[in-house]
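Me: Could you take a close look at one part of this structure for me? I would like to hear about helix packing and the salt bridges around it, and then about the surface.

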Amino acid sequence: MHRPIWWLLALLCLVAFAFQGTRGIWEPDEGRYTATGINMLKSGDWLVPTVDGEHPHLTKPPITYWALAASMGAFGRNEWAARLPGALAFVGTGLLVFGLGRRLCAAKPWLPAVVWSLSLAPMAGGNIISTDALLTLFETAAMFAFVEAWLRDGPDRRRWVLGMWLCWGLAFMTKGPPGLLPFGAMVTFLAIHDRARLRGLFPPLGLLAFAVVAFTWFAIVVYQQPDRLGYFLGSEVYDRVFTARHDRNAQWYGGLKVYLPVLLAGALPWWVLALAAAGGPRAAWQRARTRVRGRDRDTLLLLYWFLLPLAVFFLARSRLELYVLPLFVPLALLLARSLAEWPWLCGRRLAMIAAITAAALLALKGTAAHTSHDRDARLMAAQIREAVDMRGIEEIAFLDMRAFFGLTMYLDVRAESVRIGGPERPHSRQIATEDELCAELDERERNVYAFKRAREVQFTAAVAACGPYQARQIGSFRGDGHEIVLFDVRPAAPAG
């Protein structure tokens with residue numbers, strides 16, 4: 001049992017850290033998270049995140065921003081440091097999957113971790129700067145603690161239950177209510193299949209630990225500004241579940257469009273091998289039915305863990321690919337339990353399949369790291385430097401469009417989204433309303449204004465309406481499929 005841990009740890013580190021600092025920061029999500037961490041370091045305010053250095057950015061609790069700020073504070077403002085929290089979360093999750101494998105896949109306890117770490121979705125999730133890799137770590141830690149408590153009695157069980165509640169608190173502080181979806185699956189499983197174990201799952205000390213970890217930050221920021229409670233419950237909970245306001249694949253078929261390709265491609269080649277191990281799709285279905293009818297508790301727990309959160313993701317109106325990243329842990333355990341019973345998949349064949357899969361994943365990761373992309377903030381910054389002397393520039397204001405916040409890392413300037421009117425609104429989740437252009441000009445900061453080429457006439461008209469200002473184009477760059485022009489605006493010289 002000791003030898004597999006070392007080669008498994010080496011495998012996890014190889015997949016996690018290969019090319020981890022090579023790829024630039026991609027817009028929009030990586031840029032937004034990175035800029036928020038940088039602004040925390042600059043301002044010293046670790047309580048209220050700001051994506052543009054001015055307005056509160058409260059779409060997520062701050063654990064991810066804290067991790068990014070701490071990493072860049074320790075290792076510098078670079079891509080490797082920005083992706084370090086995700087890489088460490090990948091390694092930690094893989095070790096927890098190994099721990100779960102010892103309980104739920106005893107024949108080959110290391111196999112679930114191999115399946116998980118050599119699947120496309122977990123590898124990609126550990127390389128993308130977002131909340132989801134850390135959320136997967138904390139949810140998996142909570143479920144690991146639950147499984148240990150479920151199979152124990154006495155003082156050991158109480159300690160594991162307490163640890164479970166601490167991890168649920170961390171999951172909530174990473175992404176809010178979605179972090180508790182596996183908890184709902186866990187309670188449903190116990191209520192139906194093991195009610196005796198349910199009674200000891202809610203000790204007062206555990207509930208207190210969860211409340212302190214999960215709600216302290218929310219309580220402080222709501223105390224500072226009470227209307228933030230309405231924002232959290234309305235925009236970040238109700239709207240994401242029941243409305244299309246966030247414009248994230250809200251169509252009735254959105255779940256199929258977003259999640260089905262991720263689950264199929266993200267678990268290759270393991271689900272194909274698992275079907276072969278079962279003798280085909282029909283035989284796999286019959287085996288699953290037999291285990292469910294036979295009340296195989298381990299299989300039932302993993303099915304509840306996978307299917308109930310997935311149902312919620314399908315029903316909610318806000319859908320993005322990485323939302324299902326935590327579900328690859330129970331999926332890997334289910335697949336590994338099927339593969340562990342397959343005589344054909346002997347050690348040599350498994351090692352060959354694992355080696356080929358690892359090589360393919362690393363090649364894909366390296367290709368992505370060296371491929372030019374018009375959402376790469378590093379490439380945008382290089383184009384801007386060629387056209388504009390950024391010395392003395394404090395801010396790039398993006399007009400009626402989503403700001404490219406990743407430029408904060410490369411140009412050492414703030415990025416902000418500003419509205420000047422018209423039908424197009426910036427893609428922003430700030431509580432504070434964006435400043436109008438005239439108010440922005442009146443601040444007399446050393447700003448550069450960026451907007452899509454098609455908005456040039458509207459921009460010059462808006463500047464003229466603000467008073468005696470003179471606008472001139474100073475450069476352009478390519479970003480997110482559009483030509484973005486850069487303008488400098490100065491007070492007009494007095495006549496005569």
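Reply: Happy to help; here is a walk through the helix packing, the salt bridges and a surface patch. Please keep in mind that this is a predicted model.

Let's start with helices H2, H3 and H4. The axes of H2 and H3 come within 8 Å and cross at roughly 65°. With that angle, H2 and H3 are roughly perpendicular to each other, since the range from 65 to 115 degrees counts as roughly perpendicular. The crossing of H2 past H3 is right-handed. Next comes the pairing of H3, residues 63-75, with H4, residues 79-104: their axes are 8 Å apart, and the packing angle is about 135°. These two helices are therefore oblique to each other. Here, too, the handedness is given: H3 passes H4 in a right-handed crossing.

H2 and H4 are also linked through their side chains. Glu-30 and Arg-83 form a salt bridge, with an N to O distance of 3.1 Å. Glu-30 sits in helix H2 (residues 29-43) and Arg-83 in helix H4, so this pair ties together parts that are 53 residues apart in sequence. Both partners are shielded: Glu-30 is buried, and Arg-83 is buried as well. As general background, side chains of opposite charge can pair when their charged atoms come close.

That pair belongs to a longer list, as a search of the whole structure finds 29 salt bridges. Another one joins Arg-245 and Asp-239, at 2.9 Å from N to O. Its two ends differ in how they are covered: Arg-245 is exposed, at 59% relative accessible area, whereas Asp-239 has 12% and counts as buried, because buried means under 20%. A further bridge is formed by the side chains of Arg-291 and Glu-341, with 2.5 Å from N to O. This pair links distant parts of the chain, 50 residues apart: Arg-291 belongs to helix H15 (residues 281-293), and Glu-341 to the loop between helix H17 (328-339) and helix H18 (347-369). Glu-341 is partly exposed, with a relative accessible area of 46%. Some bridges also share partners, and in this way Arg-103, Glu-148, Arg-152, Asp-156 and Arg-159 are joined into one network.

Now for the surface. A nonpolar patch of about 800 Å² is made by Trp-252, Tyr-253, Leu-256, Leu-260, Leu-264, Leu-268, Trp-271 and Val-272. Two helices, H13 (254-266) and H14 (270-278), each supply at least two residues of this patch. The biggest contribution comes from H13, with 3 residues. Val-272, one of the patch residues, lies in helix H14. At 41% relative accessibility, Val-272 counts as partly exposed.

One more residue deserves a look, and it takes us back to helix H15. Trp-285 is located in that helix and is exposed, with a relative accessible area of 56%. From Trp-285 to Leu-275 the C-alpha to C-alpha distance is 9.4 Å, and the two are 10 residues apart in sequence. Helix H15 also holds Arg-291, the partner of Glu-341 in the salt bridge described above.

Note on methods. Residues are numbered from 1 along each chain as its sequence is written. This is a predicted model: local features need pLDDT of at least 70, side-chain atom pairs count only at pLDDT 80 or more; totals for chains, interfaces and linings use all residues. Side-chain values use heavy atoms; hydrogens and water are left out. Patches are made of residues with over 30% relative accessible area and no salt bridge: like charges are joined within 9 Å, nonpolar side chains (Val, Leu, Ile, Met, Phe, Trp, Tyr) within 5 Å. Accessible areas come from the Shrake-Rupley method with a 1.4 Å probe; for residues, only the protein chains shown count as cover. A salt bridge is a side-chain nitrogen of Lys or Arg within 4 Å of a carboxyl oxygen of Asp or Glu. Helices (H or I, at least four residues) and strands (E, at least two) are DSSP runs, numbered from the N terminus. Buried means under 20% relative accessible area, exposed over 50%, partly exposed in between (1.4 Å probe, protein chains only). Axes are lines fitted to C-alpha atoms, for helices over the stretch in contact, and angles run from 0 to 180 degrees between N-to-C directions. Angles under 35 degrees count as roughly parallel, over 145 as roughly antiparallel, 65 to 115 as roughly perpendicular and the rest as oblique. A crossing is left-handed if the near helix is turned anticlockwise from the far one by less than a right angle, and right-handed if clockwise.
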